[in-house]
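Visitor: I should like to be guided through a structure, one question at a time. May we begin by looking at it?

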Amino acid sequence: MSAATAHEAAATAAPMAAPQAAAAWPFLQMVNVSRRFGSLKAVDDVSFDMAAGELRAVIGPNGAGKTTFFNLISGLLPPSQGRVIFDGEDITRRSIAHRVAKGIVRTFQITEILPDLSVFENIRVGVETARGINARPWIGRGERIAVNRRIEELIAIVNLTDKARRIVGELAHGDQRVVEVAVALSVGPRLLLLDEPTAGMGDSETEHMVDLVRRLHSDQGVSVLFIEHDMDIVFGIAQRITVLDRGRVLADGPPEQISADPQVRAAYLGEAE
Amino acid sequence: MTRAATIAAMWIALIALPWWLPLIGGYTALGSKVLIYAIATMGLNLVLGFTGGLSFGQAAYFGLGGYGAGMTLKYLVPSTPLAILIGTLVGGLAATILGPLVMRRRGIYFAMITIAIGQLFYFVIVRWNEVTGGEDGLAGFGRQDIHLGNVVIPLTDVNFYYLVLLCFTVAVAVMWTLLQSPLGHTWVAIRENRRRLQFLGVRPERYVWASFAIAGFITAFAGTLNALLFNFTSPQDLHWILSGDFVIMIVLGGMRSFFGPLIGVIIFVVAQDYLSSLTDNWMTFIGLIFVLIVLLFPRGVFGIFDRRAKIA
Amino acid sequence: MQLLLFNAFNGLIQGVFYALMALGLALILSLNSVINMAHGGFLVIGAYLAYTLSPYLGFWGALIVGPLLAGVIGLAVERGLIRPIYKRSDPLYSLLLTFGLALIIEDLTRTIWGAQGLPLEVPDVINSPVSETYFFITGYRLFVIGITAAAAIGLYLLLRYTLLGIRIRAGTSDLETTAALGVNIYKLRALNFGFGCLFAGLAGVLAAGVLGLTPPMGNSLIMPSFVAIIIGGVGSLFGAVLGGLLIGLAAGIVTTYYPAASEAVIYLMMLIVLAVRPRGLLGEEGLFE
Amino acid sequence: MQAKVSRRRLVQAGAALAASTLSSPPILTYAQGETPIKIGMHDPLTGTYAAEGESEVRGANMALAEINAKGGMLGRKVQLVVEDDAANAGLASQKATKMIDQDKVSMLMGSVSSATALAVNQVAHGRGVVYMVTGGHTDPVTGSQCHWTTFRICTTTYMLAAGLAGTLYKKFGGKWYFITPDYAFGHTLQESYAKLLKDLGGTVLGNSLSPLGTTDFSSYLIKAEQSKPDVLINLTDGQDLVNCMKQAAQFGLMKKFPIGGGLSELEVLRALPKEARQGWWTLEWWWDQPNTPHVKEWVAAYQKIHTDGTWPSARTWFGYAGLHSLGLGVAKAKSLEPVKVARALEGLELPDEIKLQPNKVYFRPGDHQLMSSEFPGEDLPDGTYPNLFKVADIVAGDKIALSVKDTGCHLDYKA
């Protein structure tokens with residue numbers, strides 16, 4: 001499909017969207033987005049495109065505005081200016097729930113789980129939400145079996161079968177983060193936002209997580225956008241990297257281009273050495 | 001003992017209560033009162049223990065249920081089932097209507113607003129003399145015999161106990177089903193982590209509202225039985241002191257456990273009944289129960305055995 | 001019309017009293033994160049201690065020493081009972097603890113001083129009307145307004161200009177950071193709790209001038225101050241004062257036409273404020289700002 | 001506060017709370033096999049009405065000692081079971097049920113608040129147990145909600161009004177303003193006063209209904225002042241009365257017009273500072289009756305037992321007369337059977353050493369209301385406890401009570 005036909009298709013499907021000339025369908029697009037906190041510009045006039053099926057990393061020094069960037073996409077914060085477009089729809093002012101329904105699901109830098117519940121119960125909430133039944137005051141046998149089967153499936157995907165009945169709050173940190181990813185996965189994301197998925201993990205835990213992210217992307221067909229500090233991981237798995245610095249996009253491109261970018265080397269990689 | 005065996009033993013003990021309670025010096029009405037309070041507190045615990053909303057004004061719906069039932073019998077129809085039905089609706093609808101004001105709050109705010117709303121109802125009841133009897137309470141009605149086709153069941157003390165036990169069973173079945181359902185799972189998830197749930201695309205407010213409303217109905221249901229217990233209801237049944245008592249009964253038994261409130265009620269009601277016969281200073285002892293539970297046994301009786309109930 | 005004005009003014013005077021109660025409660029709520037259900041208890045303690053001390057110290061001495069002792073008892077309670085539960089994130093526990101404390105205080109008061117109501121004698125200087133026409137403006141009421149205003153202004157100055165006050169404000173907005181900066185937050189919270197109880201004690205002595213002393217007297221006085229805080233906005237001390245004045249005014253006006261609703265009206269007002277402006281009139285804007 | 005009444009001490013005081021979970025005190029067995037007659041008494045020993053409740057219990061215990069000293073009832077020892085109702089109607093019902101079912105009491109007595117009286121009225125009637133109301137004044141107890149089981153010592157609200165109205169009218173004039181507590185007791189009292197005033201030829205200038213538990217009376221006092229009454233009738237009771245009078249004194253209203261009222265009590269008078277202890281009120285009994293036989297001896301007997309410097313009040317007498325009445329009823333019926341006791345009590349006249357007042361004092365058969373006297377009089381601002389009141393008159397109860405027909409009472413004996 002040529003760029004021109006893609007443009008037309010988008011225009012007919014969603015007249016609100018303003019797709020720009022991109023190589024592929026603009027899956028997630030941010031147009032001149034800013035977010036201010038008082039006088040501080042945490043995100044400053046950022047424009048950003050991401051294609052469906054991408055595995056993209058967001059990097060940048062501390063205070064670069066990475067988490068705010070995620071908050072703007074996931075709907076935790078409204079932008080001060082600019083527009084956020086997802087899958088052809090302007091979602092700038094849409095609720096978190098609407099975004100999740102469209103397939104944007106995130107995890108947090110500080111693990112957000114249901115600490116007093118088991119792995120199974122954590123994932124069950126997501127599965128029931130995904131099936132749209134979580135307001136039901138009773139559950140039939142058939143439905144219950146279907147729900148349980150799906151939970152077991154997800155637990156198998158993230159390799160936690162032997163810990164399914166354990167209380168999440170008592171699991172190792174790495175496992176807790178895996179549970180969070182599994183819960184996010186349970187609602188059927190199209191775009192998964194992972195905020196520092198390996199933060200605070202040991203080597204083997206990190207390896208497990210990296211493998212999981214890669215498999216989600218390749219086997220489950222989920223588009224993944226992740227914030228990460230560990231450059232080995234970033235350059236190891238990301239297909240494309242966006243570098244933020246002081247709220248602005250410093251560079252954007254495939255790993256080899258980023259690692260060669262003199263600006264990035266000066267502002268970020270140099271500093272990290 | 002397995003869980004099933006324990007629960008079976010509990011039901012047998014409850015069914016046989018009118019025989020064994022007098023033998024150890026109790027009285028049947030005390031058994032009825034315990035079960036009535038158990039329904040109320042287990043209902044409240046849907047909000048408090050399972051949804052994590054600190055409802056501190058629950059007595060209002062309990063009392064409204066009582067007035068609804070009493071006034072039905074006094075002014076409308078002499079029918080016990082109708083009195084229970086109407087009372088339950090009155091209290092439950094009050095909670096449903098006010099739910100939206102409550103559902104967005106958390107923690108301290110939730111507590112303060114529920115207390116204040118409870119006091120609003122208290123003052124309406126206590127000042128609306130012509131209808132409610134005001135400070136003197138509502139008297140002059142009596143529970144009516146139950147007519148089942150040609151069979152007439154007189155509501156003697158023992159029969160009334162069995163009516164209460166039947167209601168308890170129904171309420172337990174309803175609450176158990178709810179907590180096993182996706183709705184119940186969502187409540188627990190809200191208690192555990194509201195933000196996580198929001199980012200799964202759930203709007204927690206609506207579910208908190210549902211929880212608050214359902215708890216209101218169940219507490220009101222208990223309130224109707226309470227009015228029928230002594231054929232009397234008074235504004236003190238809506239007062240925040242009773243709300244506080246309900247909460248401590250739940251915490252005493254264990255707020256994370258389904259049957260925890262029942263245990264808490266048994267201990268609290270029996271202790272109050274016993275202590276207030278023993279000493280003028282029983283309030284100090286009740287107060288000490290509050291303080292000691294909070295400081296030493298925050299997980300309650302059930303929590304001691306349940307490693308899930310983490311507090312600090 | 002004249003009657004309405006009388007009552008509106010009179011309501012404001014009553015509101016001053018609610019404000020004083022609410023101020024102490026709000027202070028404890030914001031820094032200690034405790035809904036102090038025993039606030040009415042500390043009020044009773046202040047009032048009874050003043051009653052016991054007044055034969056020795058006179059009314060004026062008792063007015064000072066009674067609340068101070070209530071504050072000291074507050075310090076002890078904080079140290080022994082409240083401090084161990086700060087680490088529990090669920091506010092349920094402090095609520096229940098102070099609730100139990102309220103029962104104990106009421107019962108001990110009854111045991112020590114008796115259930116029989118007791119009169120606190122007010123000096124004649126302030127115990128009569130200042131004007132024939134406006135007979136409801138008594139010296140005592142002006143005195144209450146004066147003391148409350150002085151207490152509120154004193155608190156404002158303390159929070160604004162003293163090191164302790166600045167720390168309390170800092171702790172209210174971000175306790176962890178304040179602790180990280182090397183402030184002993186345990187001491188800070190203890191002092192703050194003591195201040196709150198001191199305010200409760202002061203309210204108690206002032207109330208005793210117009211009410212008879214009974215052990216349960218705190219119960220009926222604590223709820224309106226809750227409402228004052230919700231209306232004014234949780235987290236704002238100025239809001240608590242404003243809320244107190246507003247509900248006093250509302251109750252005063254409604255009393256003119258429909259006395260039976262004079263209590264219900266303040267709760268209705270709260271519902272309306274919540275529906276229109278959920279965080280209260282001045283909610284979460286920091287202390288006195 | 002010492003000299004505790006003989007509460008139920010069936011258990012070792014040290015019995016641990018833990019042990020109480022489901023067990024209950026073992027029944028005390030008498031060595032001789034003689035079972036005592038138990039009488040259950042509920043009264044507020046905590047909460048707002050604790051002072052009044054304690055006075056009633058003290059009175060009942062004096063009667064108990066006297067009855068047992070004379071051989072008990074029907075030759076059996078009498079035991080008083082006292083339960084705290086905290087002036088909470090729900091708790092009162094529970095305790096009444098407990099005393100009937102668990103303690104097997106033969107008769108019930110007690111109450112300070114009308115709500116508890118009405119609540120226990122239901123329980124007692126439901127179980128066919130004779131109930132002697134000591135201190136709940138609301139009219140329905142021996143009126144619209146009267147039962148064959150229920151008798152009452154304290155006077156009706158109507159009688160309270162009737163005792164004083166004439167005196168006030170004659171002394172001060174006929175333009176009255178009312179401050180009325182907004183609940184059943186206040187309403188009946190005000191209606192009674194208004195009716196009596198009309199009959200005397202006076203006018204009601206206005207009536208402010210003050211919610212029970214009001215702490216700030218200024219708006220009602222403002223309204224009252226504006227109407228420039230001959231008399232301000234303050235019908236509030238208990239703590240409300242204390243608060244209202246304190247505030248009226250601060251407004252200087254006592255200097256403008258006299259204040260009169262409904263019920264006052266020694267307990268209330270004691271709680272008033274001197275500047276508020278003014279005006280005309282009705283008591284239902286007074287310790288200083290120099291010309292009435294037995295009163296001085298009785299007061300002395302009270303003070304021999306209670307050395308805390310207190311004097312007996314009307315409440316003490318309620319408790320005293322209440323238990324003695326039950327004793328007299330049983331003696332006359334020669335049985336504990338409720339219907340027989342109730343029938344025996346109807347028309348029963350209290351002897352001098354129990355009634356402790358002039359006039360004929362008896363239970364009216366039609367509504368079971370005791371026809372006892374009212375003691376209208378004036379507060380003494382300069383008096384010291386217990387000289388806080390000057391009795392002006394002692395009005396016989398049956399002269400001022402509503403006729404049985406007007407009370408609306410129909411006794412519901414089973415056929």
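**A helix and two contact surfaces**

Guide: Helix H4 of chain D (helices being DSSP runs of H or I with at least four residues, strands runs of E with at least two, numbered from the N terminus) is followed by a residue whose phi is positive, near 115°, namely Gly173(D). This is a predicted model, in which local features need pLDDT of at least 70, side-chain atom pairs count only at pLDDT 80 or more, and totals for chains, interfaces and linings use all residues. Residues are numbered from 1 along each chain as its sequence is written, while chains are lettered from A and ligands numbered from 1 in the order in which they are written.

Visitor: At which residue does H4(D) bend?

Guide: The bend at a residue is the angle between axes fitted to the seven residues ending there and the seven starting there. In H4(D) this angle is about 30°, and the residue is Leu164(D).

Visitor: Which element gives the largest share of the side of chain B that touches chain C?

Guide: In all, 34 residues of chain B are in contact (C-beta atoms, placed from the backbone, within 7 Å) with 38 residues of chain C. Helices H6 (107–127), H12 (240–253) and H14 (282–296) of chain B each give two or more residues to that side. The largest share, 13 residues, comes from H6(B).

Visitor: How far apart do the C-alpha centres of domain 1 and domain 2 of chain D lie?

Guide: An automatic or database domain assignment sets the bounds. Domain 1 of chain D covers 1–155 + 288–373, and domain 2 covers 158–283. Their C-alpha centres are separated by 31 Å.

Note on methods
Two residues are in contact if their C-beta atoms, placed from the backbone, lie within 7 Å.
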